[in-house]
Amino acid sequence: MKLSSRMAFPVAALALAGLTATACAPQTSDTSATKDEKSGTLRVWLFQEVNNKPKEQVVDAAVAAFGEKHEGTKVEIEYIPVETRAQRIKAAFNDPKSAPDLIEYGNTDTAGYVKDGGLADVTAEFDAWDEAKDTDPTARESVTVDGKVYGAPLFVGVRALYYRTDVFEDLGITAPKSQAELIATAKKVHKAKPELYGLAVGGAYTYGAMPFLWANGGELAEESGGTYKAAVNSPAARKGIEAYTSLFGDDNCPAAKCASMGGNATVTAFASGKAAMAIGGDFSHQAVEAGTVKGKYAVVPLPGVEAGSVAPAFAGGNNIGVLKSSARRTLAVDLMKSFTGKETQAKLFDAMGFLPTYTDVLADSAKKQPFIEPFVTTLGAGAKFVPASPGWAQIDSSLVLPTMFQEIVSGRKDVAAASDDAAKKMDAAFSSAG
């Protein structure tokens with residue numbers, strides 16, 4: 001058993017939760033393999049992290065475990081930048097000779113890659129895998145399209161509420177327990193300390209806004225008969241949009257500064273001491289620890305509408321899939337299991353902080369690292385996912401939702417008009433995607 005590992009580019013890129021495709025390609029012709037060889041070389045494309053060495057060590061161990069069962073098989077690992085993944089992966093779908101056998105991919109890419117004909121249906125193997133029974137339901141949803149499984153979850157990422165304990169103690173307030181209290185607290189903090197955003201929010205922070213929409217009973221889209229129709233302009237969704245956009249203004253986060261901010265910018269604002277609260281992921285922990293607020297913050301689940309409830313969070317993360325064109329399907333599925341099994345996910349958490357997708361491994365991880373408990377609680381309360389439609393990639397890359405939020409907070413359109421326009425764009429994307 002031989003392991004070959006090489007870096008595609010020297011520039012590092014972080015595989016953030018909630019990855020989406022940013023380029024479109026024509027649907028591929030049928031590239032299904034006509035053979036299933038039991039030896040040879042397996043090629044794998046994984047995402048390159050900012051600090052890739054810990055990930056490489058975990059991957060190497062998984063490959064070694066695989067190699068003990070498959071003598072005479074070679075595994076070549078290539079770490080590719082996240083930014084160029086869309087072009088490279090879709091090109092591979094169209095050229096089986098140069099394609100890898102397995103890929104790591106962002107879970108919001110699933111439906112698009114399935115439509116492109118690139119991923120193998122591994123439902124039978126996944127269902128027969130003993131460890132799979134402990135997979136978090138939302139994580140399983142992220143590899144599922146039309147009831148069929150196209151890979152295995154590698155890790156999951158969710159967001160919760162980071163807040164400044166020193167600021168709250170100074171003002172004699174406690175962490176908010178409802179959405180209304182969250183909004184009121186943000187404005188109270190900013191009034192008392194105008195140099196701080198009460199809650200850092202971003203007009204381009206789609207995944208920070210979604211919990212407000214979902215907590216109010218809204219949905220991004222509704223599915224019927226395999227087709228999706230936008231629901232962002234429903235009364236419930238509009239209520240959530242109103243709640244989120246009410247946080248933009250001189251009483252919390254001025255629109256002139258905050259309308260263009262994305263998730264990274266809001267976390268940076270918190271970590272650098274410019275905000276009293278921020279909606280950040282478990283994957284934001286290291287950045288906050290490296291900031292000026294180290295030792296002066298805590299994390300709780302983002303509150304829902306009812307006091308004591310948890311707002312549904314977007315379940316981001318990455319998966320490992322076998323390409324339909326792989327001439328070594330059986331071996332590739334076994335290697336997929338080695339990469340995404342419980343032992344490897346536990347090691348990835350220790351090395352990288354990636355949340356495991358198995359409920360039991362996640363619970364064990366929380367005992368080892370108490371900081372992830374609010375994120376585990378958030379997952380347990382019921383996280384949600386984006387529509388399982390290939391049209392979602394177009395919606396996301398076209399900035400449909402950020403445009404809607406920015407139109408509202410700038411005053412160019414009211415909630416009704418902006419959400420109606422967004423719904424029309426979403427329906428067009430769903431329709432064109434088929």
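How many bridges join strand β7 to β13? There are 5, the two strands run antiparallel, and β7 covers residues 152–157. Before I go on, please keep in mind that this is a predicted model.

Let me stay with β13. On the β7 side, A152 stands opposite I320 of β13. Strand β13, residues 316–322, is also joined to β4, again by 5 bridges and again antiparallel. In that pairing G106 stands opposite N318 of β13.

Now burial. In β13, 7 of the 7 residues are buried, so the strand is largely enclosed by the rest of the structure. Both faces are covered. On one side you have G316, N318, I320 and V322, on the other G317, N319 and G321, and all of these are buried.

Next, β4, residues 102–106. Here 5 of the 5 residues are buried, and therefore β4 too is largely enclosed by the rest of the structure. L102, E104 and G106 point one way from the strand, while I103 and Y105 point the other way. Note that E104 is in the buried set along with the others. Besides β13, β4 pairs with β2, residues 40–47, this time in the parallel sense and over 2 bridges. V44 of β2 stands opposite L102 in β4.

Now to a separate item, an open sheet of 3 strands. Its order is β11-β8-β12, and the pairing is antiparallel. The edge strands are β11, at 277–281, and β12, at 297–300, and each of them pairs on one side only. On average, neighbouring strands in this sheet are turned by 35° against each other, ignoring direction. Strand β8, residues 159–164, is joined to β11 by 5 bridges, and A160 stands opposite G280 in β11. A helix goes with this sheet: α16, residues 373–382, lies across β8, β11 and β12, and runs at about 145° to β8.

One single residue next, T357. Where is T357 placed? It lies in the loop between α14, 342–352, and α15, 359–368. Is T357 buried or exposed? Its relative accessible area is 2%, and since the cut-off for buried is under 20%, T357 counts as buried. Setting aside neighbours within four places in sequence, T357 is in contact with D134, T135, D136, A139, P153, L154, F155, V156 and Q345. P153, L154, F155 and V156 fall within β7, the strand I opened with.

Last, the second largest pocket. It holds about 620 Å³ of space. Which residues lie nearest its centre? They are E223, Y228, P387, A388 and S389, out of a lining of 30 residues. The elements giving two or more residues to that lining are α3 (110–115), β5 (144–145), β9 (221–224), β10 (227–230) and α19 (415–433). By class, the lining has 16 nonpolar, 6 polar and 8 charged residues.

To recap the strands: β13 is joined to both β7 and β4, and β4 also pairs with β2. The open sheet keeps the order β11-β8-β12, with α16 lying across it. That is what I have for today.

Technical notes
Residues numbered from 1 in each chain as written. Predicted model: local features only at pLDDT ≥ 70, side-chain atom pairs only at ≥ 80, totals over all residues. Heavy atoms only, no water. Pairing = 2+ DSSP bridges. Helix = DSSP H or I, 4+ residues; strand = E, 2+ residues; numbered from the N terminus. Axes fitted to C-alpha atoms, helices over the stretch in contact; angles between N-to-C directions. Contact = heavy atoms within 4.5 Å. Buried < 20%, exposed > 50% of the residue type's maximum accessible area, 1.4 Å probe, protein only. 1 Å grid on protein atoms, 1.4 Å probe; cavity = no way out; pocket = protein on both sides within 12 Å on 5 of 7 lines; lining within 4 Å. Points joined across faces, edges and corners; volume = space filled by probe spheres on them. Nonpolar A, V, L, I, M, F, W, Y, C, P; charged D, E, K, R; others polar.
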